[in-house]
Amino acid sequence: MALRIFSTLDDLIACSEDELKRSIGNVPYNTLIEYILYLRQKLGERDGLNELGCQDPADHHQKVPDFTPTKLRTGFEVHATFLYRAGTNDFSFNLMKDKQFYLFHVSLRQGEGQVVMNSRDGAWGKEVRAMLPTLRDNKLHAVNIKCCEEEFKVQIAGKWLETTFPYRYPLSDVAEVKLIHGSEGNMWTSLSVVQAPLTPLLPALDTTYPVKIRPGTTIHAMFLYQEGSGKFNLNLMKNFPEEKFFILHADIRPSQEKIILNTNPNDHWEAEERYLLGVQLKPGEIHPFRVECGVEEFRIVIGDNDELTRKFRYRYPLDDVSEVMLSHGSMGNKWVSLCTSVSGR
């Protein structure tokens with residue numbers, strides 16, 4: 001029996017108890033949980049709550065420690081996420097030589113609409129400023145710091161800053177990351193270092209690419225969405241094309257606003273898991289897609305909002321993956337980039 005999706009909250013409220021029981025009686029567990037989350041989101045929009053149905057999302061996120069030891073070299077990237085709260089004081093990301101020596105300071109100043117970059121060895125140096133992308137209240141946003149040959153490049157909320165920051169001190173002097181969380185419940189919620197440069201597998205002109213992955217590997221892809229496209233997907237394959245063995249099938253279906261996760265050992269589709277897409281695909285725009293390989297599961301993220309992570313437990317050994325296979329869809333929809341990285345804390 002299919003799950004009835006009520007189009008408005010009024011429809012749900014007016015529904016009789018018997019009708020509601022008939023609607024959800026035989027629904028798969030994952031679909032039911034997904035629908036409950038959907039209802040909680042809609043109720044939150046009506047009542048001024050957040051997606052988790054509570055007034056304070058800080059109850060569901062943990063702060064990253066203020067100081068985290070790290071070593072960097074050319075080609076490394078530092079990835080972090082923060083929960084943004086409107087009205088926060090300035091908050092910042094810092095690469096430190098010691099507790100007082102700022103090799104690279106990135107201050108996010110929403111009140112000014114600016115990102116201020118600088119260094120400090122006793123006294124602050126000359127500021128380098130850039131426009132701060134729009135931040136959404138009560139939402140997670142990502143910051144990526146890329147260590148290039150002669151400069152840092154900074155990405156915030158999915159957008160690379162046009163202004164870079166040339167190294168003023170040796171990159172090898174970095175000893176720790178210092179995070180200043182701000183106020184009003186604003187906080188940094190995750191921090192990791194990519195220990196090797198991204199390994200490009202494309203440009204994505206063909207459809208199949210050899211790859212070896214393990215726990216800690218992340219597959220980074222981007223697709224150009226075109227309105228009217230049919231379903232398109234990213235697949236992790238075993239011994240393709242000799243076998244049609246899908247270790248992961250991540251199928252994006254825009255018309256249904258769903259992503260379908262499944263496996264297929266040689267022409268036999270198994271139990272699929274369906275999730276709301278959770279992001280608005282804008283025609284003509286490029287959207288990021290990420291598959292993180294954990295110890296026991298894949299974590300799939302569309303867009304730059306880690307709150308929308310979809311988890312899919314391994315059904316077959318990760319070591320068996322030998323290729324990435326891409327299906328581009330139709331109407332000019334296509335995957336435009338693909339690469340891998342290996343990360344660690």
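Which residue in E19 is the bridge partner of His249? Select His249 in this predicted model and look across to E19, where the partner turns out to be Asn262.

From that pair, widen the selection to the two strands concerned, residues 245–253 for strand E18 and residues 258–265 for strand E19, which run antiparallel and are joined by seven bridges.

Next, select the whole sheet to which these strands belong: six strands make up an open sheet, and reading across them gives the order E15-E24-E17-E18-E19-E20, with antiparallel pairing. At the edges lie strand E15, residues 208–210, and strand E20, residues 273–276, each of which pairs on one side only. If you look at how the strands are set against one another, neighbouring strands of this sheet are turned by 15 degrees on average, with direction ignored.

Stay with strand E20 and pick out Glu273, whose salt bridge with Arg315 has its closest N and O atoms 3.7 Å apart. This pair links distant parts of the chain, since Glu273 sits in strand E20 while Arg315 sits 42 residues away in the loop between strand E23 (310–313) and strand E24 (323–327). Glu273 counts as buried because its relative accessibility is 16%, under the 20% cut-off, whereas Arg315, at 31%, counts as partly exposed.

Now move to Arg299 and Glu292, whose side chains meet in a salt bridge with an N to O distance of 3.1 Å. Here Arg299 is partly exposed, with a relative accessible area of 25%, and Glu292 counts as buried at 18% relative accessibility.

A further stop is a group of residues to select together: Asp90, Arg109, Glu112, Glu127 and Arg129 are joined into one network by salt bridges that share partners. Within it, focus on Arg129 and Glu112, whose side chains meet in a salt bridge of 2.9 Å, taken from N to O. These two residues also connect distant parts of the chain, with Arg129 in strand E7 (residues 128–131) and Glu112 in the loop between strand E4 (101–109) and strand E5 (114–121), 17 residues apart. Both partners count as partly exposed, Arg129 at 36% relative accessibility and Glu112 at 44%.

To finish, display the salt bridges across the whole structure, where a search finds 13; the stops above include the pairs Glu273 with Arg315, Arg299 with Glu292 and Arg129 with Glu112.

Conventions
Residues numbered from 1 in each chain as written. Predicted model: local features only at pLDDT ≥ 70, side-chain atom pairs only at ≥ 80, totals over all residues. Heavy atoms only, no water. Pairing = 2+ DSSP bridges. Helix = DSSP H or I, 4+ residues; strand = E, 2+ residues; numbered from the N terminus. Axes fitted to C-alpha atoms, helices over the stretch in contact; angles between N-to-C directions. Salt bridge = Lys/Arg side-chain N within 4 Å of Asp/Glu carboxyl O. Buried < 20%, exposed > 50% of the residue type's maximum accessible area, 1.4 Å probe, protein only.
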